[in-house]
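Biologist: I would like a close look at a single part of this protein, explained so that a first-year student can follow each step.

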Amino acid sequence: MEPSPKDGESAAAAEPGRGGAAPSSGVVVQVREKKGPLRAAIPYMPFPVAVICLFLNTFVPGLGTFVSAFTVLCGARTDLPDRHMCCVFWLNIAAALIQILTAIVMVGWIMSIFWGMDMVILASKYRQAVPKQALLPDTILPAAFAFWFEGAPLHPLC
C-alpha cells in the first residue's frame with residue numbers, strides 16, 4: 001500500500017503519470033503531420049494573397065485554389081521540394097478542379113473553405129518563422145512588387 005501524500009506535497013507530484021515528473025524518467029514525443037501530395041502542394045504565399053484566396057474559395061469554390069496555383073509559377077515554395085514547379089502547379093489545378101466539380105454536393109465547397117484556411121495558416125506560420133531580411137532580398141524584387149511579396153518565400157531560381 002502506497003503512502004498518501006503529505007500536506008506539503010500535491011497528489012499530482014506523487015503520481016508521475018498525472019502531471020508530476022519522475023526525476024529519472026522522461027519521454028520526448030514528437031508529432032508530425034503527414035500530408036498527402038495535394039495538401040503538401042499548397043504554396044506558402046504572402047499573407048494578403050492567402051487572405052484573398054480564402055475569400056475567393058469561400059464564395060466561388062476552387063477559384064482561390066486556382067489562383068494559388070499560379071503563385072507556384074511565380075516562385076512560392078511548397079512542402080514538395082523534390083518535385084518540379086510545373087508538377088506542383090498541376091497538383092494545385094487538380095485540387096481546384098476537384099473542389100469545383102464536387103461543389104454541387106457541398107463537399108467541394110467545404111473542402112475549398114478549408115483549403116483557403118490552410119493557405120492563411122501556412123502564410124501566417126511562415127511569416128512568423130522566417131526573419132524579414134531572409135524573405136525579401138532587395139536584389140531580386142523591385143520596390144513596386146514589395147507589398148505583394150513581403151513575407152513570401154522565393155524560389156531558388158529567382
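Modeller: What follows starts with the whole chain and then turns to one pair of helices and two residues.

The model is predicted, and its chain holds eight helices and zero strands, so that, read from the N terminus on, every element in the series α-α-α-α-α-α-α-α is a helix. Of the 158 residues in the chain, 32% are buried, while the area that the chain exposes comes to about 10600 Å², with carbon and sulfur atoms supplying 67% of it. If we take the contacts between residues at least 6 apart in sequence, 65% of them join residues at least 24 apart.

An unreviewed UniProt entry places the feature "transmembrane region" at residues 47-76 and 88-115. In the model, the stretch 47-76 is 80% helix and 0% strand, and its end C-alpha atoms are 12 Å apart; the stretch 88-115 is 82% helix and 0% strand, with 15 Å between its end C-alpha atoms.

The part to look at closely is the pair formed by helix 3, residues 47-59, and helix 4, residues 63-73, which pack at an angle of about 150° with their axes 6 Å apart. Because an angle over 145 degrees counts as roughly antiparallel, helix 3 is described as roughly antiparallel to helix 4. On the side of helix 3, the residues that meet the partner are V49, C53, L56 and N57, and on the side of helix 4 they are L63, G64, T65, V67, S68 and T71. Sorted by class, this contact of helix 3 with helix 4 has five nonpolar and five polar residues, and no charged ones.

A residue of another helix also touches this pair: Q99, which is found in helix 5, is in contact with N57 and T65, among others. Leaving aside neighbours within four places in sequence, the contacts of Q99 also include P61, G62, G108, W109, M111, S112 and W115. With a relative accessible area of 0%, Q99 is buried, since buried means under 20%.

Further along the chain, M106 lies in the loop between helix 5 (85-101) and helix 6 (107-129). Most residues other than glycine have a negative phi, whereas M106, although it is not a glycine, has a positive phi of about 70°. At 43% relative accessibility, M106 counts as partly exposed, because that class covers values between the 20% limit for buried and the 50% limit for exposed.

Conventions: Residues are numbered from 1 along each chain as its sequence is written. This is a predicted model: local features need pLDDT of at least 70, side-chain atom pairs count only at pLDDT 80 or more; totals for chains, interfaces and linings use all residues. Side-chain values use heavy atoms; hydrogens and water are left out. UniProt positions are given in the numbering used here, feature names are shortened, and annotations may be inferred rather than shown by experiment. Helices (H or I, at least four residues) and strands (E, at least two) are DSSP runs, numbered from the N terminus. Buried means under 20% relative accessible area, exposed over 50%, partly exposed in between (1.4 Å probe, protein chains only). Contact means heavy atoms within 4.5 Å. Accessible areas come from the Shrake-Rupley method with a 1.4 Å probe; for residues, only the protein chains shown count as cover. Axes are lines fitted to C-alpha atoms, for helices over the stretch in contact, and angles run from 0 to 180 degrees between N-to-C directions. Angles under 35 degrees count as roughly parallel, over 145 as roughly antiparallel, 65 to 115 as roughly perpendicular and the rest as oblique. Ala, Val, Leu, Ile, Met, Phe, Trp, Tyr, Cys and Pro count as nonpolar, Asp, Glu, Lys and Arg as charged, and the others, Gly among them, as polar.
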